[in-house]
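Hi,

Here is the structure I promised to pass along. Have a look, and then read on for my notes on the empty space inside it.

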Amino acid sequence: MNFLVFFLIFFLWRVFDSFIIFFSSKTIPYLGFFPYKEELVKFNLPHLFSSLANFDGIHYLLIAKNGYRQWEQAFFPLYPLLIRIFNPVFKNELITGLSISHLSFLIGLSIFAKYLKMIDKKINPFQVIIFLLLFPTSFFFSALYTEGLFFFLFTSSLYFLKKEKYFLAFIFALLTSLTRLIGVFLIIPILFKIIKNSKDKNKKIFLLFSPVFGLGIYCFYLWKTTGDPLMFFHSQPAFGANRSTNIIILPQVVWRYLKIFFTASFNFQYFISLFEFLIFFLVFFVLIIDFFENLKIKNKNFDLIALNIFSLVNLILPTLTGTFSSIPRYSLFSLSFFIFISKIKNQFLKLFLLMTFFLFHILILGFFSQGYFVS
């Protein structure tokens with residue numbers, strides 16, 4: 001698959017999502033129950049574009065314009081910093097942010113496909129990417145969120161690590177952990193690389209700490225500006241979703257959701273809770289199966305094992321705050337899930353998954369674009 005093919009797939013995906021947003025504005029009543037929604041009007045762009053900055057997106061725009069305010073430290077700094085740096089080109093933070101997300105994700109798709117071919121020739125990158133693009137929450141890759149940028153940085157880190165271009169791997173790993181907390185767990189594939197290949201061990205050990213350096217830079221900034229180096233974590237409860245700063249183990253979270261299903265009234269929030277619950281366990285069980293399948297192979301593929309462990313950490317880490325809230329969005333980076341389902345031999349099951357993803361993608365994007373919290 002060359003870049004032109006990726007561009008065509010990407011273009012069709014964006015056109016399709018744009019139609020969803022357009023028709024949703026005609027059929028779904030606008031809710032817009034999130035802070036600073038009135039700020040979106042000031043960017044003077046049609047709903048087709050401004051709706052992609054709902055919820056967290058507006059916070060990134062305000063950070064880019066005004067710097068951090070109280071509690072906004074929950075949002076990592078690289079994305080809003082890039083918006084501020086490149087805004088003189090577009091002279092509109094919303095256009096700048098969307099351009100960064102779109103371009104990052106497009107390039108990231110090309111790099112991801114190359115990486116997949118490098119680690120396992122049996123993988124069909126086209127099928128993996130189709131499953132990824134049709135996933136219910138894939139629209140976040142092109143929204144004014146960190147998903148597009150993180151995907152580019154994360155896949156670049158893996159790609160250059162595999163190519164043994166350690167300086168570039170170091171830079172991208174550092175930037176990845178400046179974009180999202182989960183980026184620090186790039187330590188996992190780097191550690192596997194060190195264990196598998198003992199050559200140039202000193203260089204690789206230095207590389208091992210690159211994600212920690214990125215997080216450390218942000219923690220140092222928070223310490224200097226707020227006095228709390230973990231302000232990104234301690235500010236989480238301010239954004240609702242019943243997040244806790246105390247560690248809540250998975251069985252407790254499951255029990256909490258089961259109580260919701262048996263006691264709560266049927267409304268939109270009930271549907272979203274059920275959606276979060278189902279997505280979590282679908283991805284979780286697939287990753288567990290994938291893990292044991294990889295262990296059974298005689299000539300073990302440590303790249304796939306490392307990516308699987310990262311995918312599990314990516315999925316489980318947010319639940320430690322006591323909720324499955326946003327899990328459908330966080331699941332996008334449990335990439336082993338998409339690799340595994342692309343290799344399913346039962347064509348009927350694959351088609352069923354694709355159609356289910358497709359229908360939920362329409363539904364979830366439609367409500368998100370009209371100001372309903374979906375992930």
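Below is what turned up in the search for cavities and pockets.

This is a predicted model, where local features need pLDDT of at least 70, side-chain atom pairs count only at pLDDT 80 or more, and totals for chains, interfaces and linings use all residues. Residues are numbered from 1 along each chain as its sequence is written, and side-chain values use heavy atoms, with hydrogens and water left out.

First, the cavity. Searching the whole structure gives one cavity of 30 Å³ or more (on a 1 Å grid over the protein atoms alone, a set of points where a 1.4 Å probe fits but cannot get out; lining residues have an atom within 4 Å of a point). Its volume is about 30 Å³, taken as the space filled by probe spheres set on the points, which are joined across faces, edges and corners. Ser157, Leu158, Leu161, Ala169, Ala173, Leu186 and Ile190 line this cavity. Helix 7 (147-162) and helix 8 (166-177) each give two or more residues to that lining (helices are DSSP runs of H or I, at least four residues, numbered from the N terminus). The lining has six nonpolar residues, one polar and no charged (Ala, Val, Leu, Ile, Met, Phe, Trp, Tyr, Cys and Pro count as nonpolar, Asp, Glu, Lys and Arg as charged, the others, Gly among them, as polar).

Next, the second largest pocket, at about 450 Å³ (a pocket is an open set with protein on both sides within 12 Å along at least five of seven lines). Of its 14 lining residues, Asp120, Glu293, Asn294, Ile297 and Lys343 are the closest to its centre. The lining divides into five nonpolar, three polar and six charged residues.

Best wishes
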